[in-house]
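Student: Please take a close look at one part of this structure, chain B, and go through it in one connected answer.

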Amino acid sequence: MTTHQFRAPRRPMTPERAKSAIGGVVSQVLILVAAVITLIPFIWMVSTALKPSSEVFSNPPSLVGSSIEWQNFADAWNYLPFGRFMLNGLIVAGIGTVIVVATSAMAAYAFSRLRWKGRDGTFLLYLGTLMIPQEVLIVPMFILMRELGWVNSYQALIVPWAFTAFGTFLLRQFFLTLPDELEEAARLDGANRWTSFTRIILPLSKPALGTLAVFTFIGYWNSFLWPLLIVSDVNMATVPLGLNMFLGQTGNQWNLLMAASTISVLPSAIIVILLQKYLVNGIALSGMGGR
Amino acid sequence: MTTTPTQTPPPTTVPEVLKKARRRGVGRSDRGAALGFLAPNLLGFACFTILPIGASLVLSFFEWPLIGEATFTGLENFITLFTADPVFWQVVGNTFYFVGVYVLLNLIVSLSLALWLTSKVRWKGFLRFVFFLPVVSPIVANAVVWRLLYNQDDGLIAWFFQTFTGTSGPNWLGSSEWAMPAVIIMSVWAGFGYNMIIFIAGIEGIPKTLYEAAEIDGAGWWRRLVSVTLPMLTPSIFFATVMTVISSLQVFAQPFILTGGGPGSSTTTLVFYLYQQGFQGYEMGYASSIAWSLFLLIMVITFIQFRSQKRWVHYS
């Protein structure tokens with residue numbers, strides 16, 4: 001018996017079937033409309049970025065101006081050191097992500113696969129801080145940064161948020177799912193803990209590490225409140241902060257502002273296209289926490 | 001005669017077994033290794049999480065200007081905040097307004113789209129990308145575009161109102177009545193994609209047999225939704241609600257960019273007020289007391305939600 005025999009035979013076009021076919025088309029069209037509405041702000045961003053400044057508020061609004069002004073992008077790029085903002089963002093998010101993933105993975109290993117006195121108590125302390133909002137930390141953190149002389153520095157942008165409990169928690173949950181036998185075999189062959197961690201546990205945890213890395217990177221890249229407090233030097237600004245400075249300085253030069261916004265959205269769009277799998281898995285995993 | 005078993009072990013086997021077990025780490029503490037693995041994270045965690053939490057609590061009992069003398073004032077900050085600061089209660093009200101409407105709209109939109117995207121439609125991958133893009137796009141960039149869209153006379157939204165209703169519609173960002181709805185609409189657009197992904201994962205995790213059984217019982221589309229999908233999805237809905245409430249209580253960037261907290265203080269939220277007190281007024285003690293009030297608020301609301309989940313969340 002093949003599966004083909006289970007397939008429903010071709011049915012004649014009844015009114016019910018016609019109705020459900022029409023329903024399907026309507027549903028498809030409506031969801032595409034919803035998608036276009038969601039995209040409008042982005043479409044408008046790019047459209048305005050390419051218009052001459054006199055046509056930003058044309059009535060009726062038009063998607064394309066009388067000329068395509070690629071020059072706006074160059075002007076926006078040069079108006080404030082936008083290349084510098086991108087570089088700062090890459091440095092901060094890149095180094096931050098490496099520190100978060102490395103230290104979280106090590107700590108998660110100690111919390112999940114090693115036995116020691118006080119393990120569960122210490123882990124509970126970590127868990128307890130997950131609920132504390134960032135805002136509780138920023139005031140003393142700001143004072144601490146001033147005392148350390150770190151204001152307007154990369155370390156001030158990176159270090160304060162590189163040791164939160166979230167990464168440790170996420171990776172611990174993942175490490176707990178790996179069977180003990182894997183490590184035991186290696187240990188019988190004389191591997192020490194570090195070898196076992198780097199050769200066995202880490203390679204098996206690539207999906208979880210990737211998820212944590214993507215979320216951490218986006219978190220650093222998009223972060224706004226903390227850079228706003230700790231950075232006043234235009235050369236140390238990250239992209240969101242630079243955009244805010246741009247807003248303050250250009251006022252109503254909307255075409256330049258939109259060009260700058262478009263530039264700042266691009267890396268995020270690329271990340272979603274390339275790494276959607278990690279993002280979706282990460283969110284789905286955290287959502288399963290409710291189950 | 002033997003007093004302890006170790007003195008007369010069966011000559012070879014027991015030490016062998018013990019040795020082997022020890023080598024495998026059975027029954028032995030890994031304290032040395034654990035300390036090594038934990039040290040980098042624990043050190044940072046102590047300096048940049050535990051220490052600031054403690055310091056923040058201490059600060060909230062001081063009058064602590066950034067430059068100048070700090071004086072211990074006990075509960076003075078909290079008393080002033082709760083009884084003598086008219087702005088604080090308005091700010092709490094604004095925050096509740098935002099959280100209430102935002103969370104409700106966010107859940108409705110994200111749940112509808114999740115149901116839609118798990119039904120028979122095409123280009124699911126592309127659609128998911130579109131709905132998810134605003135979530136990862138920098139919130140500052142998002143808010144800046146909406147500022148343009150909301151422009152009173154010449155914005156795209158005003159033009160839309162003009163065309164379809166004949167009036168240019170509300171003065172979105174310039175009136176204290178419409179500024180908060182404007183902030184909420186923009187925030188829903190920027191945030192619903194996250195919960196949508198949670199719900200899609202939840203719906204895909206529902207066993208197919210339940211739907212087959214429902215179909216055999218003659219359940220139509222609506223019946224299957226109400227009797228199978230939604231009850232099975234309640235754990236995800238609960239989780240999404242708790243997390244969205246916590247994060248939206250901390251809203252800052254949207255009002256900061258869109259309205260600057262105004263007009264007046266009609267869109268000043270709790271974190272925005274903390275920012276004003278701490279980083280424009282440099283009252284570090286007072287700002288800390290606002291931070292701790294926010295934390296307590298989050299604790300209380302989350303606690304209430306967990307207490308109420310027994311009534312509506314189904315764990316299979």
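Tutor: What follows describes chain B, then its contact with chain A. This is a predicted model, in which local features need pLDDT of at least 70 and side-chain atom pairs count only at pLDDT 80 or more, while totals for chains, interfaces and linings use all residues. Residues are numbered from 1 along each chain as its sequence is written, and chains are lettered from A and ligands numbered from 1 in the order in which they are written.

Chain B has 13 helices and two strands (DSSP runs, H or I of at least four residues for helices and E of at least two for strands, numbered from the N terminus). Its radius of gyration, taken over C-alpha atoms, is 28 Å; the globule rule (2.2 Å times the number of residues to the power 0.38) gives 20 Å for 316 residues, so chain B is more spread out than a compact globule. The C-alpha trace of chain B spans about 105 × 75 × 35 Å along its principal axes. Of the 316 residues of chain B, 40% count as buried, with 20 or more other C-beta atoms, placed from the backbone, within 10 Å of their own.

A UniProt annotation from an unreviewed entry, "domain: ABC transmembrane type-1", covers residues 92-305 of chain B; annotations may be inferred rather than shown by experiment. That span of chain B is 76% helix and 0% strand, and its end C-alpha atoms lie 19 Å apart.

The contact between the chains takes 74 residues from chain B and 75 residues from chain A (residues are in contact if their C-beta atoms, placed from the backbone, lie within 7 Å). On the chain A side, α13(A) gives the largest share, 15 residues.

Note on methods: Two residues are in contact if their C-beta atoms, placed from the backbone, lie within 7 Å. A residue is buried if 20 or more other C-beta atoms lie within 10 Å of its own, exposed if 12 or fewer, and partly exposed in between; C-beta atoms are placed from the backbone.
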